[in-house]
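Colleague: I would like a close look at one part of this model, the aromatic pairs. Please walk me through them.

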Amino acid sequence: MIDLPEVTLVCVDTRSPERALQAIGHCTAGLRFARVLLFTNTHRLVEPAAGVDLVELTLDSVAAYSEFMLRGLLPHVQTSHCLIVQWDGYVLNPGLWDADWLHHDCIGALFAGQHGPRAVGNGGFSLRSRRLLLALQDPAMQIHHPEDVCICHTNRQRLESVHAIRFAPPEVAARFAFERVAPTGTSFGFHGLFNFHRVMAMPQLRALLDTLPAEMARGLDAHDLCAALIAAGELDAARRIIDLRRELGMHDRRTLRLRLRHAWAHWRHWRERR
């Protein structure tokens, strides 16, 4: 067990707190934090969460989530840093923790399609300092959704020049976590439903998909996971996502393409087994 007395573990999830607790469990299996905070609608929890401090919070949109992360988190974090996780982004390899990361104010996975310093800072699994949270209270900051782009692109120049905020370099970010940029080695953590096939054994992933609420299959993340599963030949797991999208009445081009790719892959698999 690695002690992190300078770090507060933070998860904000008002839709699926039970899944958030599972992600928190992954993080606390090998790391001991100064405090563990889950901001959620507490009435959604079936059982109390041992070792987790629950903070009542209601959010009505992803924009409200961003607003809270940018301006509402500061009073709850008394340590030098906080590790921000989500239900689909958590610690994979606790032994890769690097104390030097505490010299930075913001570390997050690399953004896809960005290069150089602007590539750093995905927020779904990120390490942020209290100095950063305090700097974000500056009235001159342009506050908008998504919160990670707000910090790492829109306001980066002011954060660096006025508040001396230190963003991690890309090579550090790549070791810290991965998201839309595929990992080239082992990472401390990750973010994204679309990466679950990289981080879960297939029986575990199938069990998760069997209990996944239909609404969680609606977005691009679920689409990309389904496409990856089809490409890997995991057709039963991919079918579950397609069925959930059908339950939602989705007939958009992306969903139709998934159906066609799945049918084609299924036919090829059948031919090969003949």
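Modeller: Here is one ring pair, then its surroundings and the whole chain.

This is a predicted model, where local features need pLDDT of at least 70, side-chain atom pairs count only at pLDDT 80 or more, and totals for chains, interfaces and linings use all residues. Residues are numbered from 1 along each chain as its sequence is written, and side-chain values use heavy atoms, with hydrogens and water left out.

The whole structure holds 13 aromatic pairs. Rings of Phe, Tyr and Trp (its six-membered ring) pair if their centres lie within 6.5 Å; planes under 30 degrees apart are stacked, over 60 edge-to-face, the rest tilted. Trp 87 and Phe 196 make an edge-to-face pair, with centres 5.7 Å apart and 80° between the planes. Trp 87 sits in the loop between β4 (81-85) and β5 (106-108), and Phe 196 in helix α7 (residues 196-199), so the pair ties together parts 109 residues apart in sequence. Helices (H or I, at least four residues) and strands (E, at least two) are DSSP runs, numbered from the N terminus.

Both Trp 87 and Phe 196 are buried, meaning under 20% relative accessible area (1.4 Å probe, protein chains only). Ring pairs also link Trp 87 and Phe 196 with Tyr 90, Phe 178 and Phe 190 in a cluster.

Now the wider chain. It has 11 helices and eight strands. Buried residues make up 50% of its 274 residues. Contacts are heavy atoms within 4.5 Å. Among those between residues at least 6 apart in sequence, 69% join residues at least 24 apart. The C-alpha trace spans about 65 × 45 × 35 Å along its principal axes.
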